[in-house]
Amino acid sequence: MRHTESPRHRHLASPVLEPAAGSHGGSVPGATGAPAGAGTVYGTLAEPDLLLCPTCSAPLTGDTHRDRWLTGGTGRADGRTDREGDGTGLEGSGPGGADTGTGREGIGADRLLAALRASESRFRAAFCDAVIGMALIDAEDRIIEVNPAFAALIGRGVGDLVRTHLHEIIDPEGMPDRLFAELVRGERERFRVEKLLKHREGHTVWSKVTVSLIRDGAGDPLYTLALVEDITEQRRLGDRLEYQALHDPLTRLPNRAYFFERLDAACLAPTDQPGPVAAATAATDERRVGVCYLDIDGFAAINEALGHHIGDQLLIAVATRLRRGFDGRDTHLVARMGGDEFAVLVTDSLGSEQLTELAARILEALERPFDVAGHRLVITASVGVVERSVHETTPTDLVKDADATLYWSKADGRARWTLYDPDRGAHQLTRQLLATSLRPALERGEFTIEYQPLVGLADGAVHGAEALVRWRHPRYGTLSPDRFIPLAEETGAIVPLGTWVLEESCRQARQWLAEFPETETFVSVNLAARQIWDSDIVADVARALERTGLPARLLQLEITESALLGPGGRPLQALQALADMGVRIAIDDFGTGYSNLAYLSRLPVHVLKLDGTFIEGFREPAPTDRPGRPELGARRSDADEQIVGAMVQLAHTLGLTVTAEGIESAAQAERLRLTGCDTAQGWYFARPGEAELVAAILREGRPALGRR
C-alpha cells in the first residue's frame, strides 16, 4: 500500500534521520520515554510533527497508518502482531507477557534506527566528499541539492545552486531532449553526454554528464541524479592530438589528411535527403573544385649544398608566404602534402581560368627572394592545375591527376604551370599500362623482330640488316620501339627483352649465312646502356653466339654516343671485351652526344651511325641546281653536307666506316655517296619487314630501290 505524497516533498534529496518531536502520543522510538513497540520513523526539519516513511520517505498520513509504524504492528485494530494469538504463548501468560514482547520490539527498532543513521552518514559523506560533481534534480529541471565538487566546478556556492534551473548552468544547445524526456517518464534508466558548463567567471568547462533516474518505492520516477566529471583537460589533449594529426609539425599547415577531409567534403552531394528532392538538387548542382599542386624546383640540391636545416627553414618560409597570400578564405585551403610539395584547394571553383590565374600568382609570389638563416635564396616552382565538376571526379582521381600534371610541368622545363590535358593523361595512363605489362608480354611471345637492310652506297649491295623489335599488342596493335623501349629501360625490363632480341637476331643471321654464305650478311642489334650496367653483357653475347652458331664478326652492337662516352668505366671495359671477341661496335646517333673527338680515337668502335638530323639537309636540291642567291634552306643544306663530309673524313682517318639513316630518295643517296659515306638505310631502300624481306633482296642480288 503506497503512502500519499505531497508535491512539495516528492523531490527531497534524502531523508533527514533526526527523530521527530513526539506528537501523536510521544516521541519516536529510540528516544527517552518512547512507547514500547514503536516502528522507526523520521521527522523533517521544517515540520517536526510530520513523520516520513523509512522505506520511501513519504509523509505518513492517517491514524491507522501512523499507529502501525509507531507500534511496529501490522495494522490490526488491537495493535498485535500477525504472530500474536497463534497459541504459542508469545503474547505472554500473565500481566508481564505483553511487556516482554514489547521490549524485544523496542530493541529491534533501536537497531534499525542506528543502522539507518549509519547508512545516511555514509551516503552524506560520499555525497559531500566525492571528487565528481553530483546534483539531484526535480522534474522541472531545477536543482534540489548539489555537492561541493559540483559547485566548485562552476565557481559557485552550494547554497546558490539550490532551486537553480539546470539550463542556467548547462548549455542547452544540443541537449538530447528525446533521451531526457524518456528518462523523466521512466522509459530509460540513464544516459551520458558531453556538455559545456557555464563557469561563474564567464568561461566554459567541458564535462561528462551521466544522468540517472531515481525511483520511489513503487518504482515511479522520483527525481534524477546527475554525475558531472570535469574533462576539460582531456578535451584539450584531444584537441591537441587532433591538431597534430591534421597539421604538419614543421610548417603548421594542414597536412595531407586534412586536405583530403576538406576535398572529400567539397565533393560530397549537397544534401543527403533521399528521394526526388535529392535527385533534383544533384541535377542542378554545378559545383566545381580545383587544385594547384606545386613543387619547389631543385629543392634536393639546396638540402645537399646547404644542409637539411636550411631546407627546413626554406619550407617554413614558403609555407608562410603561401598561407598569407592564398589561405584564410572559406573556399581556399593551403596544405603541405609532403616533402617540398604543397597544394592549394579551391572548393568552389569558378572555372579553369580562375585556377590558372591562381597558379600564375603562386609562381610570382615564390619567385621573390627568401632570406633564410643568412642565405638569400631564389627559387622557382612547378605547378600542376586540375579543375573540374565535382560530379566528374573523385578526390583520389583529382589529386592523382594534379600530381601527374605537376610532373608534366617539370618535364616541360620547370618554373611554369601546366593545366591538366585529358589526352595527355590518357597517354600517360597507356604508358603506365604498357610499363606494367612488358614482362608478361615477353613471356606470352607478343614481341617480334623486323629487319631493315643496310645498303652499301658504292655497290648497292645489302651488307647487313638492323634488327628492330616490335610489340604486337593485343589491344593497341603493333607498337614501334619508341613507344616501349624507354619504358623498358625505366622498369628494367630492357634486360630480358634485350637478351631475347639479341639471341633471336643472331639466330636469324645464322640462317642468312646458311642460305647466302658468300654475302656474310651481318645483323646489327641495339644495345641499351642499362643492359651493360644491370647484366653481364659480355657473357650474354657469348652465350647467344654459342647457342646460334653465328660468327662474332657477323654481329654488330649499336650503343648511343651519350651512353658510351658518359662517366664511368664499365661500359668501355665491356665494349672492349666484346670488340676483342670480334663483335663490331657502332656508335648510334653520332653527333648528338658528347662528341668528344679526342676520346673517339681510343674507343673500341668500328662504325659511326650519323643522326638523322644531319641528313635532313640532303633533302634539298644540290647546290649546283640552285642558281642565284641561296635561300636559308639552301644554306642549311650546304652546311649539313659539309658537316657530313667532315665527319666521314674524320671517321675514315680513324679507320671507321660511316652509316647514314633516314634515306628517302635517290638524290639523297647519291649526295651521301659523293661525301664518301659507306652504307645507308631508309625507306628508299626498304621499309623494315620480316626476315624474308632481307632474304628476297639477297636472292635478287641488289636492293629493290624505292620499295615502300
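The side chains of Arg 543 and Asp 540 meet in a salt bridge, with N and O 3.1 Å apart. This is a predicted model, so please read every value here as computed from predicted coordinates. Both residues sit in helix H17 (residues 537–548), and because they are three residues apart there, about one helical turn separates them. The two ends of the bridge have their own surroundings: Arg 543 is partly exposed, with a relative accessible area of 35%, whereas Asp 540 is buried, at 12%. Elsewhere, Glu 450, Arg 470, Arg 472 and Glu 690 are joined into one network by salt bridges that share partners.

**More salt bridges**

The count for the model comes to 31 salt bridges. Here are three of them, for a look along the chain.

| Pair | N to O distance |
|---|---|
| Arg 543 and Asp 540 | 3.1 Å |
| Arg 424 and Asp 412 | 3.2 Å |
| Lys 400 and Asp 401 | 3.0 Å |

What do Arg 424 and Asp 412 link? Their salt bridge, at 3.2 Å from N to O, connects distant parts of the chain, with the two residues 12 apart. Arg 424 belongs to helix H13 (residues 422–444), while Asp 412 lies in the loop between helix H12 (395–411) and strand E14. Arg 424 counts as partly exposed because its relative accessibility is 27%. Asp 412 is partly exposed too, with a relative accessible area of 35%.

Lys 400 and Asp 401 form another salt bridge, and their closest N and O atoms are 3.0 Å apart. Is Asp 401 buried or exposed? Its relative accessibility is 9%, so Asp 401 counts as buried. Lys 400, at 48%, counts as partly exposed.

**A polar contact from a loop**

Glu 661 is placed in the loop between strand E22 (657–660) and helix H22 (666–675). With a relative accessible area of 16%, Glu 661 falls under the 20% limit and is therefore buried. From this loop, the side chain of Glu 661 reaches a partner: it makes a polar contact with the side chain of Lys 609, at 3.4 Å.

**The five-stranded sheet**

Now to the strands. Five of them form an open sheet in the order E9-E10-E8-E13-E14, and the pairing is mixed. The edges are strand E9 (332–338) and strand E14 (417–419), each of which pairs on one side only. From one strand to the next, the twist averages 20 degrees.

How many bridges join E9 to strand E10? There are six, and E9 pairs with E10 (residues 341–346) in the antiparallel sense. Within this region of the sheet, Val 334 stands opposite Val 344, the latter in E10. As a general point, strands of a sheet pair through backbone hydrogen bonds, either parallel or antiparallel.

**A nonpolar patch on the surface**

Which residues form a nonpolar patch on the surface? They are Val 131, Ile 132 and Leu 227, and together they have about 270 Å² of accessible area. To find Val 131 in the structure, look at the loop between helix H2 (97–129) and strand E3 (133–137). Val 131 counts as exposed because its relative accessibility is 79%, and the cut-off for exposed is over 50%.

Conventions:
Residues numbered from 1 in each chain as written. Predicted model: local features only at pLDDT ≥ 70, side-chain atom pairs only at ≥ 80, totals over all residues. Heavy atoms only, no water. Pairing = 2+ DSSP bridges. Helix = DSSP H or I, 4+ residues; strand = E, 2+ residues; numbered from the N terminus. Axes fitted to C-alpha atoms, helices over the stretch in contact; angles between N-to-C directions. Patch = residues over 30% accessible without salt bridge, like charges linked within 9 Å, V, L, I, M, F, W, Y side chains within 5 Å. Areas by Shrake-Rupley, 256 points an atom, 1.4 Å probe, with all protein chains shown as cover. Salt bridge = Lys/Arg side-chain N within 4 Å of Asp/Glu carboxyl O. Buried < 20%, exposed > 50% of the residue type's maximum accessible area, 1.4 Å probe, protein only. Polar contact = N/O pair within 3.5 Å; in protein donor to acceptor, adjacent residues only side chain to side chain.
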